[in-house]
Amino acid sequence: MIKTCIHKNETVTFYDKGKGRVVVLLHGFLGSYQIWEQTINNLSKSYRVIAIDLPGHGDTSCFGYAHSMELMAKCVKTVLGFLRLKKYVIIGHSMGGYVGLAFADLFPDNLKGLCLYHSTAFSDSEEKKKDRLRAISAVKANKNVYTVATIKNLFASKNLKYLKPEISFATSIAKKTSKKGIVAALFGMKDRFSRDIILGLVTYPILMVIGKYDNILPCEQLLEQAKTIKNGSILYLEHDGHFGFLESQKKSNKELRKFLRKCF
Ligand code: MLT
């Protein structure tokens, strides 16, 4: 069921399906709760799944000109507080993983597990920060051209010809994101802090999902990072880019279920 609540006088939209232990899904940049459609349908057979539209995405409002990862994490906490939920696992895709880490930092008592799905605990490099500023100019110049090219780049190039329905599905969601929402997320990601220290400190399970052909986050760096996790495991997707849950749906669901059994 689609639901809403209020955070700082603005509307936050989320989807609530299933019963039992709680799994929170946080989409990536240019996504919405809808990007998780098949993951929600699968996991909600055994869990209560809460999939949230992050600020400036889907049907959730914008909160300002820059959406920091902390602002997004507080918005997530408002939803979970509104539902009176105390313990949950967060699965965050890319930007959703940066938000998950900010959540882990701000609200350390609530997590039973964290999945960084094509995500990293490191902040942007200086080069990447420059790319973000170039991206902001590109969005302002032509949002549609920018979103189409960005989504395409999230799939492994070898998968492009097989996954046309998945690409158009992700593109149609991305196109609904407002210019203001896109720019605010780019500023927020550019200025986010490194949170690698959390990986070595927390005792709950952390799963890193890593795509061999990820064009955004090089898999070698993520494999190194995964070694620093205290209670960590890796799901290495040898055929995928940055969208494993769309590129390898069955495998993704099976491994997420395995991870959730470990957390609860
Ligand atoms: C995402 O998929 O959320 C973004 O590509 C993350 C990023 O640009 O760092």
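## A ligand and its pocket

The ligand sits in the largest pocket. Keep in mind as you browse that this is a predicted model.

Let's start with who is there. Around the ligand you will find Gly-28, Phe-29, Ser-94, Met-95, Tyr-98, Arg-132, Met-189, Ile-216 and His-242. Sorted by class, this shell holds 5 nonpolar, 3 polar and 1 charged residues.

Next come the polar contacts. Each row below pairs an oxygen atom of the ligand with a polar atom of the protein.

| Residue | Protein atom | Distance to a ligand oxygen atom |
|---|---|---|
| Met-95 | polar backbone atom | 2.9 Å |
| Tyr-98 | polar side-chain atom | 2.6 Å |
| His-242 | N or O atom in the side chain | 3.0 Å |

So how much of the ligand does the protein bury? On its own, the ligand exposes 270 Å², and the protein buries 95% of that area.

Stepping back to the whole fold, the chain contains 11 helices and 8 strands. Its radius of gyration is 17 Å, close to the 18 Å given by the globule rule for 264 residues, so the chain is as compact as a globular protein of that length. If you are planning a view of the whole chain, its C-alpha trace spans about 45 × 45 × 35 Å along the principal axes.

To return to the ligand, Met-95 offers a polar backbone atom to a ligand oxygen, whereas Tyr-98 uses a polar side-chain atom and His-242 a side-chain N or O atom.

How values were computed: Residues are numbered from 1 along each chain as its sequence is written. This is a predicted model: local features need pLDDT of at least 70, side-chain atom pairs count only at pLDDT 80 or more; totals for chains, interfaces and linings use all residues. Side-chain values use heavy atoms; hydrogens and water are left out. A residue is near a molecule or strand if one of its heavy atoms lies within 4 Å of it. A polar contact is a pair of N or O atoms within 3.5 Å; within protein, one must be able to donate a hydrogen and the other to accept it, and residues adjacent in sequence count only if both atoms are side-chain atoms. Accessible areas come from the Shrake-Rupley method with a 1.4 Å probe; for residues, only the protein chains shown count as cover. On a 1 Å grid over the protein atoms alone, a cavity is a set of points where a 1.4 Å probe fits but cannot get out, and a pocket is an open set with protein on both sides within 12 Å along at least five of seven lines; lining residues have an atom within 4 Å of a point. A molecule sits in a cavity or pocket if more than half of its atoms lie within 2 Å of its grid points. Ala, Val, Leu, Ile, Met, Phe, Trp, Tyr, Cys and Pro count as nonpolar, Asp, Glu, Lys and Arg as charged, and the others, Gly among them, as polar. Helices (H or I, at least four residues) and strands (E, at least two) are DSSP runs, numbered from the N terminus. The radius of gyration is taken over C-alpha atoms; the globule rule is 2.2 Å times the number of residues to the power 0.38.
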